[in-house]
Amino acid sequence: MNDKTLLSVKNLTTHFTVGDSIVKAVDGVSFNLEEGKTFAIVGESGSGKSITALSIMGLLPNNLAEIDRGEVIFGNQNLLTLEEKEMRKIRGNSISMIFQEPMTSLNPVYDLSYQISEAIMLHQNKNKNEARKIAIEMLDLVGIPEPQKRIDSFPHELSGGMRQRVMIAMALSCNPKILIADEPTTALDVTIQAQIIELMQDLQKKLGMAIVFITHDLGVVSEISDHVMVMYLGNVMEIAETQEIFSNPLHSYTKSLIDIAPQITEEKRKIKVLKGEIPSPINPPSGCVFRTRCPNPTHECEHGISTMGLIEPKPGHFVDQCCYECNKK
């Protein structure tokens, strides 16, 4: 943690109660987000990426989920210890979040003016007319054509790309210091994906915000992020600067994700597949969580502890110790 650290997540552990089973959806995750930087969280579905974000935001269902331990330090306070009333002052104001499918977040019975203005009036103490003016400015900022007319539209009247732009406008309406983007381009076609990514980069430069970008698309990661954290079954496998991750991956899982990423080349190449499937978090493998898909598993992998923790073989480059030792053999 340094002077530029805006958000510090320390040993975050979140579990769900499923019947008689305890599922560790996030198991000891730690990372730092610096001012004005983009931190990517990468992994397959079920790796714990979204649960990490929802834990930070305090948006998990209390009747099913529980944060066992850890800290989320923002502005010299631990967000995990705040009452819901205090957290509401931060959520949507200092820290905002956009989701994969905007139609699950936009209310179909309210127009855009109401939905964007609501947060502005709540957090910035603006009246209805002032909030509407800011909402129009935000729609213009994210590239919505004719924002004065579109402000009175309903979500179903917009395309998928336009709805995602509206979600970004809502998230940025209170000038947050941190934007958490949970797979914001997955449901969009390739052309619109590129536009949304470019938009987020432009807005980051203009507003100076930091971004936590959650995705399974390494192509996007290589373009947008400064640091990458690779997750698998709730555990951190590797963390490093983006260029370092792609040029010198130290974990077998990271290498596999890079190998199977689509590439455009003049020569045809055999499509690579990551063998096996991510295990069920209800019944995780004994020992190292990655051992069932590891290319070089050992006796210690099966009979050791679930994770040996991160080590730092190179300055600023962290990797799970068990898998790093296997990878060297």
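Does Q164 count as buried or exposed, going by its relative accessibility? Q164 counts as buried, because its relative accessibility is 0% and the cut-off for buried is under 20%. Keep in mind that this is a predicted model. The tour below starts with an open sheet of eight strands, moves on to the helices that touch it, and then stops at a few single residues.

**The sheet as a whole**

- Reading across the open sheet, the eight strands come in the order β6-β7-β8-β3-β9-β10-β12-β11.
- The pairing in this sheet is mixed; as a bit of background, strands of a sheet pair through backbone hydrogen bonds, and they can do so parallel or antiparallel.
- At the edges you'll find β6 (95-98) and β11 (310-314), each of which pairs on one side only.
- From one strand to the next, the twist averages 20 degrees.

**The β11 edge**

- Edge strand β11 is joined to β12 (residues 317-320) by three bridges, and these two strands run antiparallel.
- If you want a spot to look at here, find K314, which stands opposite H317 in β12.

**Strand β8 and its partners**

- Strand β8 (210-215) is largely enclosed by the rest of the structure, because six of its six residues are buried.
- Its side chains split into two sets: A210, V212 and I214 point one way, while I211, F213 and T215 point the other way, and all of them are buried.
- One partner is β3 (38-42), which runs parallel to β8 and is joined to it by five bridges.
- Within that pair, I41 has I214 of β8 as its bridge partner.
- Another partner is β7 (178-182), also parallel to β8 and also joined to it by five bridges.
- There, L179 stands opposite I211 in β8.
- To get from β7 to β8 the chain passes through α7, and this β-α-β crossover is right-handed.

**Helices on the sheet**

- Helix α6 (residues 160-172) lies across β6 and β7, and its direction is at about 170 degrees to that of β6.
- Helix α7 (residues 190-207) packs on the sheet as well, where it touches β3, β6, β7 and β8.
- The direction of α7 makes about 160 degrees with that of β8.

**Back to Q164**

- Q164, the residue from the opening question, is found in helix α6.
- Its side chain reaches the backbone oxygen of P184 at 2.6 Å.
- A polar atom of the Q164 side chain also lies 3.3 Å from the backbone oxygen of F99.
- Leaving aside neighbours within four places in sequence, Q164 is in contact with F99, Q100, P102, P184, L188 and I196.

**Two residues that aren't buried**

- Q243 sits in helix α9 (residues 242-247) and counts as exposed, because its relative accessibility of 67% is over the 50% cut-off.
- Q243 and S225 are 18 residues apart along the chain, and their C-alpha atoms are separated by 9.3 Å.
- P61 is in the loop between α1 (49-57) and β4 (65-74).
- With a relative accessible area of 34%, P61 is partly exposed.
- P61 and K89 are 28 residues apart in sequence, and from C-alpha to C-alpha they are 19 Å apart in space.

Conventions: Residues are numbered from 1 along each chain as its sequence is written. This is a predicted model: local features need pLDDT of at least 70, side-chain atom pairs count only at pLDDT 80 or more; totals for chains, interfaces and linings use all residues. Side-chain values use heavy atoms; hydrogens and water are left out. Two strands pair if DSSP finds at least two bridges between them. Helices (H or I, at least four residues) and strands (E, at least two) are DSSP runs, numbered from the N terminus. Axes are lines fitted to C-alpha atoms, for helices over the stretch in contact, and angles run from 0 to 180 degrees between N-to-C directions. Contact means heavy atoms within 4.5 Å. Buried means under 20% relative accessible area, exposed over 50%, partly exposed in between (1.4 Å probe, protein chains only). A polar contact is a pair of N or O atoms within 3.5 Å; within protein, one must be able to donate a hydrogen and the other to accept it, and residues adjacent in sequence count only if both atoms are side-chain atoms. A crossover is right-handed if, with the strands pointing away from the viewer, the path from the first strand over the helix to the second runs clockwise.
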